[in-house]
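Reader: I would like to learn how to read a protein model step by step. Could you walk me through one?

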Amino acid sequence: MRTITTTADLSAYCEAAAAHPYVAVDTEFLRERTYWAKLCLVQLAMPTEGDPADPDGAVLIDPLAEGIDLAPLWALMVEPSVVKVLHAARQDVEIMHHDGGVIPAPLFDTQVAAMVAGFGEQVGYETLVRKIARQQLDKTSRFTDWSRRPLSDAQKRYAIADVTHLRAIYEHLREELDRTGRAAWVEEEIAVLSDPATYVTEPEDAWRRLKLRSSNPRFAAVAAALADWRERAAQERDVPRGRVLKDDALLEVAGLKPKTAEELGRSRLVQREGRKPETAKGILDAVARGMAADEAPFARRDSERLQVNPALSDLLRVLLKAKAETLGVASKLIATSADLDRIAAGKRDVPALKGWRAEAFGEDAVRLCEGRLALAAEGEAVRVIALA
């Protein structure tokens with residue numbers, strides 16, 4: 001297992017990798033103690049089996065090595081002639097976007113492709129290794145501190161396996177997508193991963209992550225102001241949100257709406273960190289902003305309350321299950337429960353009615369809603385019958 005610790009060696013490897021049609025990529029990182037993930041290791045593998053100079057074609061890159069410059073890696077990640085193959089790519093891409101200012105392109109996510117190719121919902125890498133590469137993974141180093149040096153041989157073996165098998169998985173899935181004509185379906189999904197906006201958290205939108213326990217617009221306005229303050233504080237200090245103020249404490253404060261440090265002190269859930277003068281001031285200032293904010297953006301409008309026909313919603317679920325089974329595509333990738341309810345309520349600006357999903361499910365879903373399509377049970381299967 002070769003570990004690259006110098007810029008010169010990294011540049012040479014990336015130059016060699018750029019001559020191949022694809023490179024498998026993975027990262028190891030830590031984010032338990034920070035807001036931004038800390039990149040600790042990068043694994044790359046190019047398809048060079050049979051090359052006596054480099055029979056495996058796989059390397060570990062140590063971004064923590066003294067003096068190493070990752071510029072050659074970032075250049076490889078945007079080389080247009082090389083497909084970057086990752087599994088469940090979102091977190092890896094987020095790190096590259098933050099640390100290197102790049103988003104790998106062209107990008108291929110084997111988890112997305114596997115869902116399109118009939119391997120089930122959010123299939124794990126270990127499952128694909130077993131089913132496609134016919135190998136077993138040693139996962140004993142799954143929970144490890146990747147920032148500690150030196151890395152053990154077990155850690156290195158674990159890390160390198162995340163890219164060596166990825167090559168066989170990619171080639172199998174690529175062939176399957178070409179055979180079924182569904183490559184465009186995967187490209188449509190990967191477009192979201194390739195959008196820089198996917199990896200930007202705007203503090204003013206941070207409240208949308210919260211599970212608000214009240215529909216009261218003033219409560220929501222205060223919670224939004226607190227979430228905004230917390231997000232900015234976490235980013236500035238590079239600590240997890242929960243280290244600034246945990247979700248349950250934030251919601252409790254939004255309910256209490258304290259005006260003074262004494263009132264804030266009555267909170268059961270705000271821990272010692274939140275009672276420090278600087279943090280307490282931030283909390284109280286955020287509450288004041290929330291109390292002064294316009295309630296309108298947080299008020300539930302009658303027009304937004306869906307009038308869902310439950311029977312029609314149930315029929316759409318049956319149709320989705322039938323379509324997913326026929327196509328061999330994960331149903332959750334085609335449509336969510338919220339999509340189905342919106343369609344049943346007459347809404348048509350729904351992801352399940354656009355792009356490849358319209359072809360796979362959406363067009364028949366609309367026909368079902370309009371009475372132009374029926375469903376019939378045939379044993380354990382469901383048959384779709386066109387009525388008009």
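Author: Gladly; we will go from the overall picture to the local backbone. Keep in mind that this is a predicted model.

Reader: Where do I start? How many helices and strands does the protein have?

Author: The secondary structure consists of 17 helices and eight strands. For the extent, the C-alpha atoms fill a box of roughly 70 × 70 × 35 Å along the principal axes. The chain has 388 residues, and 45% of them count as buried.

Reader: And what does the surface look like, in area and in charge?

Author: The protein exposes about 19,800 Å², with 49% of that area supplied by carbon and sulfur atoms. As for charge, there are 54 positive and 61 negative side chains. The centres of these two sets lie 7 Å apart.

Reader: Which domains does the assignment give?

Author: The assignment gives domain 1 (2-198), domain 2 (203-292) and domain 3 (310-386). The C-alpha centres of domain 1 and domain 2 are 38 Å apart. Six residues from domain 1 and eight residues from domain 2 make the contact between them.

Reader: How should I think about a nonpolar core?

Author: In soluble globular proteins, nonpolar side chains tend to be buried together. Here the largest nonpolar core has 94 residues, and L44, I61, M77 and F361 have the most contacts inside it. Domain 1 and domain 3 both give residues to this core, so the core lies between them.

Reader: Can we zoom in on one of those residues? What does I61 touch?

Author: Leaving out residues up to four places away in sequence, I61 touches I4, L10, L41, V42, L44, I68, L70 and L73. Apart from this core lies another one, of 31 residues, which includes Y35, A206, A221 and V287.

Reader: What share of the contacts links residues 24 or more positions apart?

Author: Taking the contacts with a separation of 6 or more, 63% are between residues 24 or more positions apart.

Reader: Now the backbone. What is the usual expectation for phi and for the peptide bond?

Author: Most residues other than glycine have a negative phi, and most peptide bonds are trans. Let us take the peptide bonds to begin with. The bond from A105 to P106 is cis, with omega near -10 degrees, and P106 sits in the loop between α3 (90-100) and β6 (107-109). R149 and P150 are also joined by a cis peptide bond, with omega about 0 degrees. P150 belongs to the loop between α5 (125-133) and α6 (153-164).

Reader: And which residue in the loop between α5 and α6 has a positive phi?

Author: That is R134, which is in this loop and has a phi of about 55 degrees although it is not a glycine. R134 counts as exposed because its relative accessibility is 66%, and the cut-off for exposed is over 50%. D238 also has a positive phi, near 55 degrees. D238 lies in the loop between α9 (217-237) and α10 (241-244). With a relative accessible area of 28%, D238 is partly exposed.

Reader: One last loop, please. Is R266 buried or exposed?

Author: R266 is exposed, at a relative accessible area of 58%. R266 lies in the loop between α12 (261-264) and α13 (277-292). From R266 to P277 there are eleven residues in sequence and 15 Å in space, C-alpha to C-alpha.

Terms used
Residues are numbered from 1 along each chain as its sequence is written. This is a predicted model: local features need pLDDT of at least 70, side-chain atom pairs count only at pLDDT 80 or more; totals for chains, interfaces and linings use all residues. Side-chain values use heavy atoms; hydrogens and water are left out. Helices (H or I, at least four residues) and strands (E, at least two) are DSSP runs, numbered from the N terminus. Buried means under 20% relative accessible area, exposed over 50%, partly exposed in between (1.4 Å probe, protein chains only). Contact means heavy atoms within 4.5 Å. Accessible areas come from the Shrake-Rupley method with a 1.4 Å probe; for residues, only the protein chains shown count as cover. Lys and Arg count as positive and Asp and Glu as negative; His and the chain ends are not counted. The place of a charge is taken as NZ of Lys, CZ of Arg, CG of Asp or CD of Glu. A nonpolar core is a set of buried Ala, Val, Leu, Ile, Met, Phe, Trp, Tyr and Cys residues joined through side-chain atoms within 4.5 Å. Domain bounds come from an automatic or database domain assignment.
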